[in-house]
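Student: I would like to understand how the words used for a protein structure are justified. Could we go through some of them slowly?

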Amino acid sequence: MQTTKTHIVHGGTLRYLKHDSAVTGTPMTLSVFTPGGQGPFPVLIWLSGLTCTEDNFTTKAGAYRAAAEHGVIIVAPDTSPRGEGVADDPAYDLGQGAGFYVDATQTPWAPHFRMESYVTDELISLIDAEFPTTGARSISGHSMGGHGALTLALRHPDLFRSVSAFAPICSPTRCPWGEKAFTAYLGEDRAEWDRHDAARLIEAGAAKSVYDDILIDQGDADSFLTDQLKPELLQAAADAAGQKVTIRLQPGYDHSYFFMTSFIADHIAFHAERLKA
């Protein structure tokens with residue numbers, strides 16, 4: 001991995017990195033914060049939302065003070081492959097910047113849009129090889145990235161100690177963002193869609209006996225709450241499956257990074273407790 005920028009923050013080191021991905025067949029970018037000291041440290045992977053790059057969370061979330069205090073590495077990858085020759089769409093909610101953390105099976109997306117494999121295979125292997133990690137990791141994210149965090153944790157429970165999310169797309173098979181993306185990336189088979197739907201996965205028992213709790217923060221003034229995010233579907237699935245999910249509906253908060261920066265320290269503490277157990 002090539003380091004493109006370095007900053008010292010809260011006694012730790014923030015690096016912007018670039019590497020050629022064998023999984024996506026494109027260059028991929030990410031940021032990595034490492035606390036001060038020799039380590040080793042556990043890892044929190046952060047997945048961002050629609051239109052975001054690795055920079056949005058890195059500069060806006062205010063996460064690194066808490067990460068330094070708890071001794072946690074934070075890894076924030078880009079949200080999709082990018083570049084010439086990579087399929088795209090003029091809409092903000094499909095194509096570059098909108099990878100949805102699935103491995104596409106449909107033309108023209110399949111050759112490069114393989115974000116599930118990128119995160120769960122290549123990225124994790126690179127971080128463990130290049131940084132002083134303990135091998136323990138958790139995952140979190142926002143909106144589309146909240147969907148990604150939940151579904152990757154549920155589909156790959158051996159990889160993660162814990163999972164949380166901010167304003168996640170809780171059931172993409174039942175909202176416009178998800179229906180559009182899944183049709184494009186995965187085709188018309190709704191049974192395949194269900195394998196990437198957090199509410200459907202929890203309802204089917206994917207989380208049981210794996211995660212003691214799943215922490216979700218959601219603003220009640222979020223303009224996407226009713227049509228796109230639908231946390232009530234996740235709560236209903238958790239109730240049916242006997243899975244503990246803590247959904248905190250935060251009064252007055254919207255979908256922005258101002259919401260995330262207000263509660264990110266709670267999420268880092270939530271993961272740190274489980275990463276060091």
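Tutor: What follows is a set of questions and answers about this predicted model.

Student: Why is serine 80 called buried?

Tutor: Serine 80 has a relative accessible area of 1%, and because buried means under 20%, serine 80 is called buried. Serine 80 lies in the loop between β5 (73–77) and α3 (115–130), and its side chain reaches the backbone nitrogen of glycine 97 at 2.7 Å.

Student: What makes alanine 269 partly exposed?

Tutor: The relative accessible area of alanine 269 is 28%, and partly exposed covers the values between 20% and 50%, so alanine 269 counts as partly exposed. Alanine 269 is placed in helix α10, which covers residues 257–275, and its C-alpha atom is separated by 9.4 Å from that of glutamate 69, although the two residues are 200 apart along the chain.

Student: How do you know that aspartate 128 and arginine 137 form a salt bridge?

Tutor: Their closest N and O atoms are 2.9 Å apart, and because a salt bridge needs a side-chain nitrogen of Lys or Arg within 4 Å of a carboxyl oxygen of Asp or Glu, the pair forms one. Arginine 137 is buried at 9%, whereas aspartate 128, at 30% relative accessibility, is partly exposed.

Student: Why is aspartate 197 said to have no salt bridge?

Tutor: The nearest side chain of opposite charge, that of arginine 200, is 4.4 Å away, and a salt bridge has to be within 4 Å, so aspartate 197 is buried without one. The side chain of aspartate 197 does make a polar contact with the side chain of threonine 173 at 2.6 Å, and it also reaches the backbone nitrogen of arginine 200 at 2.9 Å. Arginine 200 forms a salt bridge with aspartate 194, where the closest N and O atoms are 3.6 Å apart.

Student: What makes glutamate 273 exposed, and what makes arginine 274 buried?

Tutor: Glutamate 273 has 56% relative accessibility, and exposed means over 50%, so glutamate 273 counts as exposed. Arginine 274 has 15%, and buried means under 20%, so arginine 274 counts as buried. The two form a salt bridge, with their closest N and O atoms 3.6 Å apart, and salt bridges that share partners join Asp212, Glu273 and Arg274 into one network.

Student: How many salt bridges does a search of the whole structure find?

Tutor: The search of the whole structure finds 11 salt bridges, among them the one between aspartate 128 and arginine 137.

Note on methods: Residues are numbered from 1 along each chain as its sequence is written. This is a predicted model: local features need pLDDT of at least 70, side-chain atom pairs count only at pLDDT 80 or more; totals for chains, interfaces and linings use all residues. Side-chain values use heavy atoms; hydrogens and water are left out. Buried means under 20% relative accessible area, exposed over 50%, partly exposed in between (1.4 Å probe, protein chains only). Lys and Arg count as positive and Asp and Glu as negative; His and the chain ends are not counted. A polar contact is a pair of N or O atoms within 3.5 Å; within protein, one must be able to donate a hydrogen and the other to accept it, and residues adjacent in sequence count only if both atoms are side-chain atoms. Helices (H or I, at least four residues) and strands (E, at least two) are DSSP runs, numbered from the N terminus.
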